[in-house]
Each structure stands twice: as structure tokens, then as C-alpha cells.
Amino acid sequence: MIRQFKLISLRIFRTFLKKYVYLLFNQIQNTSFGRDLFYKSKLKKYAKDLFEIALGDSFDQVHTIYIETLTACNLRCSYCPNSVYERGLIKNNQEMETKLFYKIIDELADLNWVGEIQPHSYGEPLLDQRLPSFCSYIIQKLPLAKIAIFSNGELLNIDWYKKLVSVGVKRFSVTQHLKNQSKGTLDVIRYREKHGYDNVEFTYTRLKHINSRGGLVDVDEGELRQECNYPDHHVGISFDGQILICCNDYLNEAKVGDVKDEKLIDIWQKPIYKDIRTNIRSGNFTLDICKNCTDGKVYT
């Protein structure tokens, strides 16, 4: 009885800590303190180290979940696995079933999870007409979650922007991959300058860093993996429900579970998944995607 009470108390404490530290982080990340001091000093690393000690290996460590709602992309960049494999072609598009998406969000709500949800993987999210309804469901079930849209910007326009903001999207990360800037994205930037930012973060940058995507594409940049804690804080889910331990796990090398048939929290607690996280955290890179990764040091 006492042991059960301690476990419940610990769970409540971890949930409380995760929720309010995450909300505080969201408040400071776009301030001058966040940009000029926190991120450029060792304070970030020390804060995260303490945070990890307090949370242990619980699911509360996870601050980002990306969900592959579809596989297709409207571009075929040479430094992306979509240029090597055909799963990213529009004609080969595969979509996550709506009921599976809802199942994932419902399970996160049951866990009182707080963090950022990114409805994308290697596909272009704006190709999915279900995106507004998905975002609306996220906010309905997880009102404290932050929704971030990662896009190449070629399909973005003012109507898309207004629609997504109206259903709760709080961050747009748009990356220019083509020679010329996206007219629709520039229109959105001018719209925001004229009508206000609505507390929505929006960045539009040219791609600056590429890596080998776990050895799937040939690049001349970067250095082999030295340090990583990515799987401790990120969980990916492919269109068919497979858990992805890393954004570079394009082919799902690390097969740890399927959310169609299992609960997300049960997969997280599997010995095979725990071993992978422990090995990567300690620098023991046994998976090919880790051995061939050229991201150098990743500390998230």
C-alpha cells in the first residue's frame, strides 16, 4: 500500500514538474533572455540535466512527438531519403488512418502529456487536407500542447495560415529548399506584419545544415555521431503506427512497437526500447542509423 502511494505521488510530481517547466520554457524561448543567454550558455545543458534526473526514464521526458500523417512530398531534394526511395512520391502516398491518429492523441490525453506535436515526418503536411481537423482534435484533447507545422512552404498561403492558426497551431517552421522563395510564404509574412503575429511563432529560413539521414543519403557535411540523447525526448510515429526512435529512422530500422496494436506507454516501457535509449545515451551506437549518422553531437 505504501509502495503504491509512493509510486502515485512520484507520478503526480513528475507530471506537475513536466507541465510547468515546459510552460515556462515556452514563455522564455522567444525572449531576448532565451535567445541571447539561455541557448548560448551552459545553462541550457545544466537545466536539462537536472530535469532528466528528476524525471528519470519516464515518458514525461518526451517533449516532442512527430506523427507521419502522410508519406508524400511535393519536392524531391537530393539530400532527403525521399530522393532515394519512392515512398515519398505523391503517386505512392500513404496516409495514416484517422482513427489511428485519434487513438494516439487519446492515449496522450490519458497520460496528461504536455509537449509539442508535429504532424509531419518526411512528407509535406500541407498536402493533407485533414490537417486542420487533426490540429483541432489535438487542442480539444490536449489544450496545453503546442502544435508546430514543419513545411517547405511551397503550398503555404494566407488561407492555409489563417485556417491553421484558427485551430490552434502556434508555430510554423518553414524551410526554403528551392532557389526562389515561396510566393505564398512571403505573402504570409507580409500578412503577419500587417495584421499582427497572434502569438504565433513563424520562421522562414534557407536550409543550412544537412546530414546523411543515418547513412541513407551521401553528403559531404557533418561528422559521425559522438553524443546523442534524441530518443529520450522525441517519439516518432509512422503512417502505419510504427514507433520511430529518431527522425533519421526513415526505414524504421529499430522496430520497437506498433501503436495500432499496443499502447504508446507500454511500448515506451518495453525492455528493447529502454535498452536502445540507454545505449544511445551512453554513446554505445549499435544501430546502423546511429553508426552512420553525421549529426555529430545532438543534445535536445
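The buried residues of helix H4 pack against strand E1 (64–67), strand E2 (116–118), helix H5 (131–141), strand E7 (234–237) and helix H9 (264–268). The model is a predicted one. Its chain holds 11 helices and nine strands. Of its 300 residues, 49% are buried. Among contacts between residues at least 6 apart in sequence, 74% join residues at least 24 apart.

**Helix H4**

- The residues of H4 that are buried are Leu-100, Phe-101, Ile-104, Ile-105, Glu-107 and Leu-108.
- Viewed down the axis of H4, these buried residues fall within an arc of 160 degrees, so they line one face of the helix.
- Residues three or four places apart in an α-helix point the same way, because there are 3.6 residues a turn.
- Lys-99 and Asp-110 are exposed, and they sit on the face of H4 turned away from its buried side.
- H4 covers residues 98–110, which is 13 residues. At 1.5 Å a residue the helix should span 18 Å, and its end C-alpha atoms are indeed 18 Å apart.
- Asn-112 follows H4 and has a positive phi, near 55 degrees.

**The sheet**

- Seven strands make up an open sheet with mixed pairing, in the order E5-E4-E3-E2-E1-E7-E8.
- Strand E5 (201–206) and strand E8 (243–244) are the edge strands, each pairing on one side only.
- Backbone hydrogen bonds pair the strands of a sheet, either parallel or antiparallel.
- E1 and E2 run parallel and are joined by three bridges. One residue of E1, Tyr-66, has Gln-118 in E2 as its bridge partner.
- E2 also pairs with strand E3 (residues 146–151), in the parallel sense and over two bridges. Here Glu-116 has Lys-146 in E3 as its bridge partner.
- In a regular strand, side chains alternate between the two faces of the sheet.
- Both faces of E1 are covered. Thr-64 and Tyr-66 are buried on one side, and Ile-65 and Ile-67 are buried on the other.

**Helix H5 on the sheet**

- H5 packs on the sheet and touches E2, E3 and strand E4 (169–176). The direction of H5 makes about 155 degrees with that of E3.
- Leu-131, Pro-132, Phe-134, Cys-135, Tyr-137 and Ile-138 are the buried residues of H5.
- These buried residues pack against H4, E2, E3, H6 and E4.

**Helices H6 and H7**

- Helix H7 (residues 183–195) lies across E4 and E5. H7 runs at about 140 degrees to E5.
- Two packed helices are described by the angle and the distance between their axes.
- The axes of H7 and helix H6 (residues 158–166) come within 8 Å of each other and cross at roughly 55 degrees.
- H6 and H7 are therefore oblique to each other.
- On the H6 side, the contact involves Ile-158, Tyr-161 and Lys-162. On the H7 side, Asp-187, Val-188, Tyr-191 and Arg-192 meet them.

**Helix H10**

- Helix H10 (residues 271–281) has Tyr-273, Ile-276, Arg-277 and Ile-280 as its buried residues.
- These residues cover an arc of only 95 degrees around the axis, which puts them on the same side of H10.
- Gly-283 comes just after H10 and takes a positive phi of about 85 degrees.

**Loop residues with positive phi**

- Asp-198 is not a glycine, yet its phi is positive at about 55 degrees. Asp-198 lies in the loop between H7 and E5.
- The relative accessible area of Asp-198 is 47%, so the residue is partly exposed.
- Arg-213 is not a glycine either, and its phi is positive at about 50 degrees. Its place is in the loop between E5 and strand E6 (223–228).
- Arg-213 has 24% relative accessibility and therefore counts as partly exposed.

Terms used
Residues are numbered from 1 along each chain as its sequence is written. This is a predicted model: local features need pLDDT of at least 70, side-chain atom pairs count only at pLDDT 80 or more; totals for chains, interfaces and linings use all residues. Side-chain values use heavy atoms; hydrogens and water are left out. Helices (H or I, at least four residues) and strands (E, at least two) are DSSP runs, numbered from the N terminus. The expected span of a helix is 1.5 Å times one less than its number of residues. Buried means under 20% relative accessible area, exposed over 50%, partly exposed in between (1.4 Å probe, protein chains only). The arc is that of the directions from the helix axis to the C-beta atoms. Contact means heavy atoms within 4.5 Å. Two strands pair if DSSP finds at least two bridges between them. Axes are lines fitted to C-alpha atoms, for helices over the stretch in contact, and angles run from 0 to 180 degrees between N-to-C directions. Angles under 35 degrees count as roughly parallel, over 145 as roughly antiparallel, 65 to 115 as roughly perpendicular and the rest as oblique.
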